[in-house]
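Reader: I have just opened this one and would like some help reading it. Could you walk me through a few features, general idea before particular case?

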There are 4 protein chains.
Amino acid sequence: MSERSAFRFAHPFRVRYAEIDGQGIVFNAHYLTYYDTAITEYLRHLGFDYEAEVKQTGDDFHLVKSTVEYLAPIRFDEEFEVGVRVPRIGRSSLIFELGIFGKGETRPRATGENIWVNTNQTTHRPVPVPDQLVELIRGLEDEALELARPG
Amino acid sequence: MSERSAFRFAHPFRVRYAEIDGQGIVFNAHYLTYYDTAITEYLRHLGFDYEAEVKQTGDDFHLVKSTVEYLAPIRFDEEFEVGVRVPRIGRSSLIFELGIFGKGETRPRATGENIWVNTNQTTHRPVPVPDQLVELIRGLEDEALELARPG
Amino acid sequence: MSERSAFRFAHPFRVRYAEIDGQGIVFNAHYLTYYDTAITEYLRHLGFDYEAEVKQTGDDFHLVKSTVEYLAPIRFDEEFEVGVRVPRIGRSSLIFELGIFGKGETRPRATGENIWVNTNQTTHRPVPVPDQLVELIRGLEDEALELARPG
Amino acid sequence: MSERSAFRFAHPFRVRYAEIDGQGIVFNAHYLTYYDTAITEYLRHLGFDYEAEVKQTGDDFHLVKSTVEYLAPIRFDEEFEVGVRVPRIGRSSLIFELGIFGKGETRPRATGENIWVNTNQTTHRPVPVPDQLVELIRGLEDEALELARPG
């Protein structure tokens with residue numbers, strides 16, 4: 001189980017009333033919205049211009065798999081962070097590891113993983129992760145990053 | 001206040017667990033999703049092909065105003081209908097009147113209104129509501145429809 | 001139409017990818033979520049402890065009406081603020097006036113209003129707005145506030 | 001990969017405009033809402049009264065893990081079904097296997113799994129899945145069900 005210290009990047013949130021269910025805790029689907037939003041902020045933090053990349057190359061990332069493990073509930077109005085890190089880059093795939101931490105906490109309320117595959121929008125076939133993005137991630141994650149490609 | 005009998009068209013729903021809040025009742029923002037979904041079904045019921053119209057004319061409807069009046073809560077798992085009718089068509093605008101009714105009930109749990117304006121996508125100026133749509137609405141609403149245009 | 005300067009309080013947001021629709025702009029229902037979230041922050045800013053008040057008095061506010069006027073779209077990833085102010089307090093009712101402003105902009109992308117009525121949870125009848133809340137709002141809004149009660 | 005025929009129960013849906021993203025396809029978080037809603041319908045189909053069970057026993061199911069595999073996108077206005085089946089019941093846990101199928105299709109657009117654990121609300125410790133629910137699931141799933149308990 002990933003501790004808060006495993007993440008060099010995290011994005012802060014506060015639970016909206018719109019996000020809780022009849023038990024006063026965050027409804028499960030919203031975890032994926034938190035994950036998605038935090039990944040956008042991770043890429044912004046890296047300095048990666050997603051939209052420019054898509055326009056220039058005609059390639060785009062597809063989400064192929066999401067996993068959420070719910071460890072402890074998150075309540076209305078709580079402040080929390082979503083940690084994001086990339087533990088591994090494959091030829092065409094990126095793995096985002098995710099962790100939700102109550103403000104100031106070290107043990108996660110939830111963990112998860114989103115797997116993206118870079119795809120040519122015309123042929124619908126996997127294409128390599130852009131070199132620029134690999135370099136930006138390597139710059140942040142450093143020795144914690146596993147690369148499945150010669151590099 | 002509109003009774004159920006005022007609506008010649010209504011679309012059935014059942015409250016999803018994702019849609020309730022900490023008090024076990026539907027969170028207010030979801031009323032607009034119900035309204036939007038019911039209007040889509042109203043147009044389908046009329047036989048109006050929204051996407052084909054947009055593609056052919058380059059015009060598109062913009063939502064310019066929404067109103068919701070909350071009269072009685074809707075609870076998890078309840079079945080309800082959203083009544084939709086068009087009481088008035090202006091030159092460029094359509095008014096959708098909306099009512100939410102518990103299954104088998106005649107008095108609304110909520111009422112509302114969405115106002116659409118047909119707009120040219122290039123000039124961003126209002127353009128007339130398509131004749132075909134006016135005729136389809138007139139066919140359904142009949143003498144209950146007020147037309148603000150020579151017809 | 002309310003300018004940005006009409007609001008002494010505003011809460012910052014950034015559009016999540018989960019909130020846009022097929023045209024790349026914020027879907028209408030999310031405006032109500034933004035309004036609701038900004039009102040929570042307004043009450044926090046005032047120092048009003050909503051949950052303590054409900055527990056102590058057994059009274060609770062009900063949302064009775066929402067209005068949204070959509071003036072210009074909000075796009076994915078845009079930063080914006082939701083201005084909140086209370087222009088008028090009735091005996092049992094609070095009116096929240098709302099405005100959405102692109103970052104640094106003075107003219108609204110959307111305006112709106114939420115009307116709350118304070119209600120006894122046992123009798124379901126309207127009861128006065130708590131004096132403490134009236135004073136806190138008066139302290140913030142000052143001469144811009146209209147009070148419909150002797151005070 | 002589960003074919004449509006693997007599921008004895010499926011619940012129909014149609015994509016709401018509120019559920020699509022900037023690419024015109026269902027945003028990933030909504031898959032979990034579809035899964036949750038379909039599981040509610042599966043339990044209703046079995047004749048299991050979830051709320052009565054919670055009230056009577058003081059036990060409640062917690063969602064501990066969700067997985068979604070996205071195989072092909074689902075577009076605005078598409079009709080689809082979510083298949084639900086329980087391949088395995090542990091002492092305290094239920095595994096729901098899920099599949100999303102375009103109307104009339106046999107190969108899934110998405111698959112997934114939700115794992116529930118029955119928990120005592122006072123001690124927060126796992127407790128056995130209610131016998132009544134085990135029998136109802138066995139009645140539907142028959143020889144396709146694996147039971148991890150003497151039975």
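**Reading the helix and its partners**

Author: Let's start at the end of a helix: H1(D) is followed by Gly47(D), whose phi is positive, near 90 degrees. Helices (H or I, at least four residues) and strands (E, at least two) are DSSP runs, numbered from the N terminus. This is a predicted model, in which local features need pLDDT of at least 70, side-chain atom pairs count only at pLDDT 80 or more, and totals for chains, interfaces and linings use all residues. Residues are numbered from 1 along each chain as its sequence is written, while chains are lettered from A and ligands numbered from 1 in the order in which they are written.

Reader: How many residues does helix H1 of chain D have, and what should they span?

Author: The expected span of a helix is 1.5 Å times one less than its number of residues. Helix H1 of chain D runs over residues 29-46, so its 18 residues should span 26 Å, and the 27 Å between its end C-alpha atoms agrees with that.

Reader: Which residues of H1(D) are buried?

Author: Burial is a neighbour count: a residue is buried if 20 or more other C-beta atoms lie within 10 Å of its own, exposed if 12 or fewer, and partly exposed in between, with C-beta atoms placed from the backbone. The buried residues in H1(D) include Ala29(D), His30(D), Tyr31(D), Leu32(D), Ile39(D) and Tyr42(D). Their cover includes E2, E3, strand E1 (9-14), strand E4 (93-102) and strand E5 (110-120) of chain D, together with helix H1 (29-46) of chain A.

Reader: So a helix from chain A takes part. At what angle do the axes of H1(A) and H1(D) cross?

Author: Axes are lines fitted to C-alpha atoms, for helices over the stretch in contact, and angles run from 0 to 180 degrees between N-to-C directions. Here the axes of H1(A) and H1(D) cross at roughly 170 degrees and come within 7 Å. That makes H1(A) roughly antiparallel to H1(D); angles under 35 degrees count as roughly parallel, over 145 as roughly antiparallel, 65 to 115 as roughly perpendicular and the rest as oblique. On the H1(D) side, the contact is made by Ala29(D), His30(D), Leu32(D), Thr33(D) and Asp36(D), and on the H1(A) side by Ala29(A), His30(A), Leu32(A), Thr33(A) and Asp36(A). Two residues are in contact if their C-beta atoms, placed from the backbone, lie within 7 Å.

Reader: How many residues of chain A and chain D are in contact overall?

Author: Chain A brings 14 residues to the contact and chain D brings 14 residues. The largest share of chain A's side comes from E2(A), with 8 residues. By class, the side of chain A that touches chain D has 6 nonpolar, 5 polar and 3 charged residues. In this sorting Ala, Val, Leu, Ile, Met, Phe, Trp, Tyr, Cys and Pro count as nonpolar, Asp, Glu, Lys and Arg as charged, and the others, Gly among them, as polar.

Reader: What turn lays chain A on chain D?

Author: Copies are superposed by least squares on the C-alpha atoms of residues with pLDDT of at least 70 in both. A turn of 180 degrees, with a shift of 0.0 Å along the axis, lays chain A on chain D with an RMSD of 0.0 Å. That is the relation of a two-fold axis. In chain A, the C-alpha of Thr67(A) is nearest the axis, 2.2 Å from it. The copies meet through the same surface, because 100% of the interface residues of chain A are also interface residues in chain D.

Reader: And what rotation superposes chain D on chain B?

Author: Again a rotation of 180 degrees, with 0.0 Å of shift along its axis and RMSD 0.0 Å. In chain D, Phe13(D) has the C-alpha nearest the axis, 5.3 Å from it. This contact takes 7 residues from chain D and 7 residues from chain B.

Reader: Back to phi: which sign do most residues have?

Author: Most residues other than glycine have a negative phi. Asp77(D) is not a glycine, yet its phi is positive, about 75 degrees. Asp77(D) sits in the loop between strand E2 (59-70) and strand E3 (79-89) of chain D. Asp77(D) counts as partly exposed because it has 14 C-beta neighbours inside 10 Å.
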